[in-house]
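Work through the exercises below with the structure in view. Each task is followed by its solution.

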Amino acid sequence: MGSVEKKMDLDFDEEIPFSSSPSTSKVRTLNFERTVDLPKSSFFNILRARCISRSIYVVLIKAKINMLLPFGPLAILLHYLTGKHGWVFFFTLLGITPLAERLGYATEQLAFYTGPTVGGLLNATFGNATEMIISIYALKSGMIRVVQQSLLGSILSNMLLVLGCAFFTGGVVHSQKDQVFDKAAAVVNSGLLLMAVMGILFPAVLHFTHSEVHLGKSVLSLSRFSSCVMLVAYACYIFFQLRNQQTSYSPVDEEGDNSENSDKEEEELELSQWEAIIWLAILTAWVSVLSGYLVDAIEGASESLNMSMAFISVILLPIVSNAAEHASAIMFAIKDKLDITIGVAVGSSTQISMFVIPFCVVVGWCMGKEMDLNFQLFETATLFITVLVVAFMMQEGTSNYFKGLMLILCYLIVAASFFVHVDPKSGDD
C-alpha cells in the first residue's frame, strides 16, 4: 500500500507546473516520461487549437465590418478573369476597409502590453500603414500625383470628416453640455500642421511664380531638404510627447487606476502579445497585396466610372484608409473622451503631414522618383484653409454638435470641389 500511495503522490506532483523540489523533478523525468508525454502533447495540442480558433474568431469574425473581407479575394479574381478596372477598384476598396480597421484593433491590443511609450510609436507606425503601403506602390508605378493627392486627402478626411463626425455624435449624445478637451495639446498639433503647410506651400509658390534659380531642380531640392527638416521636427515632437506629456493610455499592469477602468481594460484585452504581433504581420501583408491591385486599377476606374483622378485619390481612397480612425474617434467621443479623439483625428493628420509625406519624398529620392512637395496651387490652398478652419474650431477647447456639423459640411464642399477638379496639363501652369 505504501508503494501505491507514493506513486499516486508522484502522479499528483506531475500536474503541478512549477515544483520547488529537485528530487521530484528527477523522478518525473526518469519514471513517468513514457506514460505522461502522450497526454501532455495531446492536451497542449487541444489548447493550442482552441487558442488559434479563438484568435481567428476575435480578429476575422467577431467584428461586423469583417463581412467585407471576401471582397478582397473577389477583386483579385475579377482582375484576372474580367479585367474590368471599375469593379476591381470598387471591390478592392471594400476589401481594404476591414483590414484598415483590424490593423488599428491589433495595434491597440499590442499597446496594452508595451505600455504608453512603445504603444505611442506603434500607433504612429501602424495607424497610417494603409496610406504608406498604397503610397509606396503608387511611387513604384511612377504615379506621383496619386501619392500626393491621396496623402492630402487623408489629412482633409481626418481633420474635417473624422473630427466632424466625432464632434457631432459626441455633441448629440452629450447634448446637455459642451465637451471639453486639452487645449494645449490641440495648439501643439495645430502648430505642427501649420509647419507642414509651410513646407508644402513654399515649393508650390516657388514653382508657380517661376522664381527658381535652377528651373525644374530647385523645387525638388527644396522639397527634399524640407522633408528632412520635417522628419527631424516630427521626431522631436514624438520625443517631447513621450518624455514630458501624460499619455491617455496606460500599461496593463499599472496600478493606481480605478477598479472600473481596470475592468474595462481587461475586457478589451482579447489577444496575447504574440498573437497581436502575428496578426499585424498578416494584415499588413494582405493590405500590401490588395494595394497593388488597387493602384493598378485606379486609372482604368477613372475612365470607366467617369470620375477624375483627383476625386478618387483625395476623397475615395482616404475614406477607406481612415476607417480605423473614423470608428475609434466616434467611439471615444461618445464615451466623452475627447482628448483621445483629438489625438486620433488631428494626431493622425499630424503624422501624415509631418512624417508620411516627407517619408514618401525620401523613399522616392532613394527610388530615383522625383517626388516633391509641390502639391499644386488648388490642393495647397485647400490644405491651408482646412488647417485654419480646424485651428479656429479647436481654439476654445470645447466641442458640440454644431461644430461637428460645420466640419462635415466643410468636407462636403471640399469633396464637391475635387469632383469637378481636373489636374492641369504640364503646359498649362
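**Exercise 1.** State how α7 and α14 run relative to each other.

Solution. α7 and α14 are roughly antiparallel, a term for angles over 145 degrees. The axes of α7 (residues 144–173) and α14 (residues 338–367) cross at roughly 175° and come within 10 Å. Axes here are lines fitted to C-alpha atoms, for helices over the stretch in contact, with angles from 0 to 180 degrees between N-to-C directions. Helices are DSSP runs of H or I with at least four residues, numbered from the N terminus.

The model is predicted: local features need pLDDT of at least 70, side-chain atom pairs count only at pLDDT 80 or more, and totals for chains, interfaces and linings use all residues. Residues are numbered from 1 along each chain as its sequence is written, and side-chain values use heavy atoms, leaving out hydrogens and water.

**Exercise 2.** Find the length and the surroundings of α6.

Solution. Step one: at 1.5 Å a residue, the 12 residues of α6 (residues 129–140) should span 16 Å, and the end C-alpha atoms are 17 Å apart, which agrees. The expected span is 1.5 Å times one less than the number of residues.

Step two: nine of the 12 residues of α6 are buried (under 20% relative accessible area, 1.4 Å probe, protein chains only), so α6 is largely enclosed by the rest of the structure. Among the buried residues are Met132, Ile133, Ile134 and Leu139.

Step three: just after α6, glycine 142 has a positive phi of about 75°.

**Exercise 3.** What percentage of the residues in the protein chain is buried?

Solution. Buried residues make up 46% of the 429 residues.

Definitions and conventions: Helices (H or I, at least four residues) and strands (E, at least two) are DSSP runs, numbered from the N terminus. Buried means under 20% relative accessible area, exposed over 50%, partly exposed in between (1.4 Å probe, protein chains only). Angles under 35 degrees count as roughly parallel, over 145 as roughly antiparallel, 65 to 115 as roughly perpendicular and the rest as oblique.
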